[in-house]
Amino acid sequence: MAASSFSCAQSLCLTSRGRVSFPGGCVLKRRNSHLVFASSLKSNKDVSSVSKVETLLDSVKWDDKGLAVAIAQNVDTGAILMQGFANRDALATTISSRKATFYSRSRSSLWTKGETSNNFINVYDIFLDCDRDSIIYLGKPDGPTCHTGSETCYYTSVLDSLETEQAAGSKLASTTLYSLESTVFQRRAEIETTTESGKPSWTKRLLLNHDLLCSKIREEADELCRTLEDNEDKGRTASEMGDVLYHAMVLLALKDVKMEDVLDVLRRRFSQSGIEEKGSRGKQKS
């Protein structure tokens, strides 16, 4: 529902005076927190786009102060970057500029994340929850989101802090995939900075032996294919895919490539056919 609701906003852009501009000379001016259509060059398409944005803004259940919770989420990693508040104008500005924009309750004004640090959050999509009283800005950050320099504002585990004060603030809120990636990169750092006695972990063995790592990736990929060829059950396929992912992520760590980089590549291919994508690879090499 969210994707279709916001498709009408893709042609919007901001003018230098903060107005919302459409192709063909159509301009939206804010008047009393509402977007007002103003142009002598109105086309049916432009009028329809304005109407859809207005209808969308009207559908949000703003609280008694005209606000709704707005959460910024990384489009590739799924990480929750930050939480703020948006009003009608903040959401309209985000739709038009594709930069995550919020309403500052302390300053009583709009603010765009990155306007002072240049660490903008570039919005690819926007979602409303089922009650239409909270908003997600799904986007890609240009740099650290938190004012502390952290990747996100969420880096304090409540459960860890209950066990030991030293653990408070020591890790980011991560999904299973990114927790695994963090562990692999940590093992790589340990190899580079410490001399280990005794038998190394399997991850460290793979990091130290490139031939072993590549042979394991080929072996696990073959076993994954066999689950299809031999009609094995779903559990077996999931298990073999887990092995492929793990070993491939060790190789990525050696190449200093993050899963976020891989997912970014996949996202960019969404609007491309497989034939076009392969053709572009050949041009890049030449």
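**Overall architecture, helix α8 and the setting of T94**

In the predicted model, residues 24 or more positions apart account for 46% of the contacts in the chain that have a separation of 6 or more. The secondary structure consists of 10 helices and 10 strands, and 34% of the 286 residues of the chain count as buried. The accessible surface of the chain amounts to about 17300 Å², with 52% of this area belonging to carbon and sulfur atoms.

Helix α8 comprises the 21 residues 234-254, for which a span of 30 Å is expected at 1.5 Å a residue; the end C-alpha atoms lie 31 Å apart, in agreement with that expectation. At the start of α8, a side-chain oxygen of D233 comes to within 3.2 Å of the backbone nitrogen of G235, while D256, just after the helix, adopts a positive phi of about 60°. Within α8, the buried residues are E240, V244, Y246, H247, M249, V250, L252 and A253, and the buried residues of this helix pack against α5 (176-193), α6 (202-208), α7 (210-229) and α9 (259-268).

A further buried position is found in helix α3 (residues 88-97), where T94 is located. T94 has a relative accessible area of 0% and is therefore classed as buried, the cut-off being under 20%. A polar atom of the T94 side chain lies 2.9 Å from the backbone oxygen of A90, and a polar atom of this side chain lies 3.0 Å from the backbone nitrogen of T101. When residues up to four places away in sequence are not counted, T94 touches K99, A100, T101, V123, I126 and Y137.

Definitions and conventions:
Residues numbered from 1 in each chain as written. Predicted model: local features only at pLDDT ≥ 70, side-chain atom pairs only at ≥ 80, totals over all residues. Heavy atoms only, no water. Helix = DSSP H or I, 4+ residues; strand = E, 2+ residues; numbered from the N terminus. Expected span 1.5 Å × (residues − 1). Buried < 20%, exposed > 50% of the residue type's maximum accessible area, 1.4 Å probe, protein only. Contact = heavy atoms within 4.5 Å. Polar contact = N/O pair within 3.5 Å; in protein donor to acceptor, adjacent residues only side chain to side chain. Areas by Shrake-Rupley, 256 points an atom, 1.4 Å probe, with all protein chains shown as cover.
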